[in-house]
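Subject: Structure for you to look at

Hi there,

Here is the structure I promised to pass on. Please open it alongside this note and follow along.

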Amino acid sequence: MEANVKLYAYNYDEAKTYLWAMAFVAFNLLLPQVFHLIPQGGIIFAPLSFVILAGAYKFGWKTGLLAALASPLINHAITGMPAWGVMPVMTLKLAVIALVAGLAAQRFKTVNLLLIMAVVLVSMVLGALGELVLTGGIAATISDITVGWPGILLQIFGTWLIIKYVK
């Protein structure tokens with residue numbers, strides 16, 4: 001299940017970097033609203049992670065990192081979510097996803113399910129380590145796995161489908 005697709009790696013001196021980052025921030029404003037219609041939908045499906053993963057993989061780590069840093073702040077300013085107390089950990093985890101996804105795409109120049117699974121797994125491990133450093137515990141990461149397994153599947157299969165089929 002490997003796909004040869006066009007992957008990009010925009011730089012900070014390109015307008016497309018900022019345009020795509022703004023698009024991902026906009027998606028990250030709208031998509032959580034849909035998932036929050038489901039009880040605990042934000043926790044279960046982690047829509048911010050999904051958008052950042054797909055965006056960084058398709059358009060590079062720099063674009064993904066901009067969106068990862070801006071999305072939680074803009075979401076909080078407009079909707080009050082995520083809660084201020086989880087912002088540092090969430091921002092760190094989103095930044096890790098952006099970096100791992102963008103660098104994996106840049107290195108391997110292809111998309112396949114195994115690679116996307118590896119990106120998600122590595123991101124979760126690094127995010128858990130970061131959470132441990134920031135908070136002294138990894139309870140939220142354990143919850144991300146036990147409660148959020150549908151979101152993990154969405155990240156893996158949704159990202160693969162979007163990158164493979166959306167031109």
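Below are the notes on two helix pairs and two pockets.

First, some housekeeping: this is a predicted model, in which local features need pLDDT of at least 70 and side-chain atom pairs count only at pLDDT 80 or more, while totals for chains, interfaces and linings use all residues. Residues are numbered from 1 along each chain as its sequence is written, and side-chain values use heavy atoms, with hydrogens and water left out.

**Helix pairs**

Helices here are DSSP runs (H or I, at least four residues), numbered from the N terminus. The axes of H1 (residues 15–35) and H4 (residues 61–79) cross at roughly 40 degrees and come within 8 Å; axes are lines fitted to C-alpha atoms over the stretch in contact, with angles from 0 to 180 degrees between N-to-C directions. H1 is therefore oblique to H4 (under 35 degrees is roughly parallel, over 145 roughly antiparallel, 65 to 115 roughly perpendicular, and the rest oblique). Their crossing is right-handed, meaning that the near helix is turned clockwise from the far one by less than a right angle. Among the residues in contact (heavy atoms within 4.5 Å) are Trp20, Phe24 and Leu29 of H1 and Leu66, Ile74 and Ile78 of H4. By class, this contact has 11 nonpolar, seven polar and one charged residues, with Ala, Val, Leu, Ile, Met, Phe, Trp, Tyr, Cys and Pro as nonpolar, Asp, Glu, Lys and Arg as charged, and the others, Gly among them, as polar.

H5 and H6 also make a right-handed crossing, at roughly 145 degrees, with axes that come within 9 Å. Their contact divides into 14 nonpolar, four polar and two charged residues.

**Pockets**

A pocket is an open set of points on a 1 Å grid over the protein atoms alone, where a 1.4 Å probe fits, with protein on both sides within 12 Å along at least five of seven lines; lining residues have an atom within 4 Å of a point. Volume is the space filled by probe spheres set on the points.

The largest pocket has a volume of about 930 Å³. Of its 35 lining residues, Gly42, Ile43, Ala46, Met90 and Asp144 lie nearest the centre. The lining has 17 nonpolar, 15 polar and three charged residues.

The second largest pocket holds about 380 Å³. Trp20, Phe24, Phe59, Ile162 and Val166 lie nearest its centre, and H3 gives the largest share of the lining, six residues. Its lining has 13 nonpolar, one polar and two charged residues.

Best wishes

Definitions and conventions:
Helix = DSSP H or I, 4+ residues; strand = E, 2+ residues; numbered from the N terminus.
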